[in-house]
Amino acid sequence: MRDLSPPDLATTDVREVSRSGEDALVIVVGAGPAGSSAAYHLARAGVDVILLEKARFPREKVCGDGLTPHAVHQLIRMGVDVSAPGWTRSRGMRWVAGEHRVHIDWPALGRYPDFGLSRSRHDFDDILARHAVAAGARLYSGWKAERPLTDRAGRVIGVAATSDSPDLPEPVDFRAPVVVAADGASARLALAMGLERDPRRQIATAARRYYRSPERSQEDYLELWADLRFPDGGPYLPGYGWIFPVGDGRVNVGLGALPHRRHGKADLRATLDQWLARTPEEWGLREENAEGPVRSAALPLGFNRHPLYARGLLLVGDSGGMVSPWNGEGIAQAMEAGEVAAESAALALAHPEGPRREQVLRGYPVEMNRRWGRYYRLGNTAADLVFSRSGFQPVLNRYVMGSPFLLNTLARLLTNLTDTPSRDVVDHLLNTAFRLVPSPKPGARGSGARSR
Ligand SMILES: Cc1cc2nc3c(=O)[nH]c(=O)nc-3n(C[C@H](O)[C@H](O)[C@H](O)COP(=O)(O)OP(=O)(O)OC[C@H]3O[C@@H](n4cnc5c(N)ncnc54)[C@H](O)[C@@H]3O)c2cc1C
């Protein structure tokens, strides 16, 4: 496959900026998976797009670095060569609970590849940004969006951004009729436009650290531990631990947890230490092999901010609270939403400014709701009623762990891997269950689909 990457991102990220400002048809704020995907698909549709990123690539991002077949699917749609060196393939997941260790291969579906991947976000985000640039997006890295620019009606018409260069101390206006907020969990742009978080939705916290572990670095399963406890024999952690191979002699090890119904926030650092002390010595998950500190960040789950479109601003990825409430996965979701937002913006811009354009932009939350509304609604309920009490313990009991069929069904539920129309009995079961969930109404709180 042809690699679309330009040879050197540095040649494109230091751009000349006019002090009177820059104009484009779309401004995308943030070049994580959501922003780079949106910019890539917009550029491919021939739309003049500026991608603003406050950091400079390559840069770290606190993450588990694990990619399910959903994310691989999105990478392939962006023309990323996932057979190139640097990607670590996974055949499936290994779940550990009590004395059970089970392997569940990724399913062979019509819609998705049958393998997952892992790659450090240090490389991953750089690769995606390069693809956006190769497709024609204008990347400005080292530029931080400070505030939205609005017209008299309160509609977004761009952002004021500052450069990290001491030669450019004053903010510069970046103007466009459509702005995409892809600035991550802090969601500053959305907040500045009054788009508050739904307080009923859970926010998980996750922490990760890299360890040198040649023994585990080339593993072909993503390993998940479901029987972790709060420190000193406390209750089960409302989440899980992971050990993901990064392929370069290291593993990414971490924990993610919801706030516990009774015990509140987990001390992730202490839980991580106690857990890793249980792992075999030869895996190398010990202090002397650690690289860098334990770092943590928030995971906004289950469409926790709405509306996803308002007054010229589209929210994608973590800024729209799109992390799956079922498993904490957010990269594939960010990339898919980036593609859908790009399609909506490109279609909208085919109409002159006015009600028809607005109507097309309002279609974005409706489409996101169509794709994930029911699934997330069910997931939010599971997070509230089950995962935030006892993590995965109740569902990964010994009956489920001993039944390949139940395990496979559960794995596909947690990772949203089904074919539609249904091709096998698991598809039938899951697709029927999703259909039975009432669709969140556009406009309802928590649906993520209300438009103004
Ligand atoms: C510990 C941890 C482990 C995780 N593990 C996984 C995993 O294994 N698999 C998975 O699928 N998901 C995982 N997630 C979730 C995943 O990291 C996020 O869902 C994903 O990064 C969301 O992508 P995004 O593009 O929306 O936001 P981000 O990746 O956060 O990107 C936002 C970008 O915007 C930039 N930015 C922010 N503000 C501004 C501004 N004002 N101006 C310009 N630029 C700005 C930032 O620098 C950043 O580059 C994990 C999360 C955590 C915290």
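# Aromatic rings, ligand shell and backbone

Q: How many aromatic pairs does the structure hold?
A: Rings of Phe, Tyr and Trp (its six-membered ring) pair if their centres lie within 6.5 Å, with planes under 30 degrees apart counted as stacked, over 60 as edge-to-face and the rest as tilted. This is a predicted model, in which local features need pLDDT of at least 70 and side-chain atom pairs count only at pLDDT 80 or more, while totals for chains, interfaces and linings use all residues. Residues are numbered from 1 along each chain as its sequence is written, and side-chain values use heavy atoms, with hydrogens and water left out. The number of aromatic pairs that the structure holds is 16.

Q: Which geometry does the aromatic pair of Tyr-240 and Trp-242 have, stacked or edge-to-face?
A: The ring centres of Tyr-240 and Trp-242 are 6.4 Å apart. The angle between their planes is 65 degrees, and the pair is classed as edge-to-face.

Q: Are Tyr-240 and Trp-242 buried or exposed?
A: The classes rest on relative accessible area (buried under 20%, exposed over 50%, partly exposed in between, with a 1.4 Å probe and protein chains only). Tyr-240 has 18% relative accessibility and therefore counts as buried. Trp-242, at 8% relative accessibility, likewise counts as buried.

Q: Which residue of the loop between strand 18 and strand 19 has a positive phi of about 60 degrees although it is not a glycine?
A: Helices (H or I, at least four residues) and strands (E, at least two) are DSSP runs numbered from the N terminus. The residue in question is buried, with a relative accessible area of 1%, and belongs to one aromatic cluster that includes Tyr-240, Trp-242, Phe-244 and Trp-326. The residue with this phi value is Phe-303.

Q: Which ring lies under Arg-216, at 3.7 Å from the ring centre?
A: A charge sits over a ring if NZ of Lys or CZ of Arg is within 6 Å of the ring centre and within 35 degrees of the ring normal. One such case is the charged end of Arg-119, which sits over the ring of Trp-87 at 4.9 Å from its centre. For Arg-216, the ring is that of Trp-283.

Q: How many residues surround the ligand?
A: A residue is taken as near the ligand if one of its heavy atoms lies within 4 Å of it. The closest are Glu-53, Arg-59, Gly-64, Arg-121 and Asp-318, and the number of surrounding residues is 37.

Q: How many residues of the shell around the ligand are charged?
A: Ala, Val, Leu, Ile, Met, Phe, Trp, Tyr, Cys and Pro count as nonpolar, Asp, Glu, Lys and Arg as charged, and the others, Gly among them, as polar. The shell has 19 nonpolar and eight polar residues, and the number of charged residues is 10.

Q: What share of the ligand's own accessible area does the protein cover?
A: Polar contacts (pairs of N or O atoms within 3.5 Å; within protein, one must be able to donate a hydrogen and the other to accept it, and residues adjacent in sequence count only if both atoms are side-chain atoms) include a backbone N or O atom of Gly-66 at 2.8 Å from a ligand nitrogen. A backbone N or O atom of Ala-145 lies 2.9 Å from a nitrogen atom of the ligand. Accessible areas come from the Shrake-Rupley method with a 1.4 Å probe, and for residues only the protein chains shown count as cover. Of the 990 Å² that the ligand has on its own, the protein covers 94%.

Q: Which element gives the most residues to the shell around the ligand?
A: Among the elements that give two or more residues are helix 2 (33-44), strand 3 (49-53), strand 14 (203-212) and helix 7 (331-349). The element that gives the most, with three residues, is strand 10.

Q: Where does Asp-65, which has a phi near 70 degrees, lie?
A: The phi of Asp-65 is positive in a residue other than glycine. Asp-65 is buried, with a relative accessible area of 1%. Its place is the loop between strand 3 and strand 4 (66-67).

Q: Which proline follows Thr-420 through a cis peptide bond?
A: One cis peptide bond runs from His-306 to Pro-307, with omega near 0 degrees, and Pro-307 is found in the loop between strand 18 and strand 19 (309-310). The proline joined to Thr-420, with omega about 0 degrees, is Pro-421.
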